[in-house]
Amino acid sequence: MCKHQPPCPDALASDGTAARVMVAHPEQGWSLLCNGVVLFDDAGVLLPSGQEVGPRPVVPASRRPALPVPPSVLPPCVAAPTAVRALATAA
Ligand SMILES: [Zn+2]
C-alpha cells in the first residue's frame, strides 16, 4: 500500500502510526495513513485488520516514572509520542 521511499512503518509495527497521512478529516477526528491504519484524534487506532487499539491512558506527569537517561540525551524521535510524529510527518 505504501509507495514512499524509504517505506513507512508497517501497520503492525510499534511505530505504525508514524506512517504518512493519505487522507485527513480533522473535522471528523480521523486520518488514514498510507499503511492502512486509521488514526483518531484521541490517539485511538484502527488497524487494517479491523482490530481496535484504544487510546493510551493519560498518566499525570507526577506519576510517570523517571527516565533512565536525561531527555537531552535521547534523539528527538524517541522523546516524541508516536501520534505527534505521525502528525509532524503529515505537515
Ligand atoms: Zn508511506
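Q: Before anything else, when do two strands pair?
A: Two strands pair if DSSP finds at least two bridges between them. The model here is a predicted one.

Q: How many bridges join β2 and β3, then?
A: Three bridges link β2 to β3, which covers residues 38-40, and the pairing is antiparallel. One bridge partner pair is S31 with L39 in β3.

Q: What sits between β2 and β3 in the hairpin?
A: Four residues separate the two strands, and G36 in this hairpin has a positive phi near 90°.

Q: Let me back up. How many helices and strands are in the chain?
A: The chain has two helices and five strands.

Q: What pattern does the chain follow along the sequence?
A: The pattern reads β-β-β-β-β-α-α, with the strands ahead of the helices.

Q: In what order do the five strands form the sheet?
A: The order is β1-β2-β3-β4-β5 in an open sheet with antiparallel pairing.

Q: Which strands stand at the edges?
A: Those are β1 (21-25) and β5 (52-53). Each has a single partner strand, so one side of each lacks a neighbour in the sheet.

Q: What holds strands together in general?
A: Strands of a sheet pair through backbone hydrogen bonds, in either a parallel or an antiparallel way.

Q: Take the β1 edge. How many bridges does β1 share with β2?
A: Four bridges pair β1 with β2 (residues 30-33), in the antiparallel sense. V23 lies opposite L32 in β2, and A24 has S31 as its bridge partner in β2.

Q: So S31 turns up twice. What is its partner in β3?
A: In β3 the bridge partner of S31 is L39.

Q: And the turn between β1 and β2, which residue there has a positive phi?
A: G29 does, at about 85°. The β1 and β2 hairpin has four residues between its strands.

Q: Now the other edge. How many bridges join β4 to β5?
A: Two bridges connect β4 (residues 45-46) to β5, and these strands run antiparallel. L46 has E52 of β5 as a bridge partner.

Q: Different topic: side chains. Which residues of β2 point to one face and are buried?
A: S31 and L33 do, while W30 and L32 point to the other face and are not buried. In a regular strand, side chains alternate between the two faces of the sheet.

Q: What share of the chain is buried?
A: Of the 91 residues, 15% are buried.

Q: Last one: among contacts between residues at least 6 apart in sequence, how many join residues at least 24 apart?
A: The figure is 37% of those contacts.

Note on methods
Residues numbered from 1 in each chain as written. Predicted model: local features only at pLDDT ≥ 70, side-chain atom pairs only at ≥ 80, totals over all residues. Buried ≥ 20, exposed ≤ 12 C-beta atoms within 10 Å, placed from the backbone. Contact = placed C-beta atoms within 7 Å.
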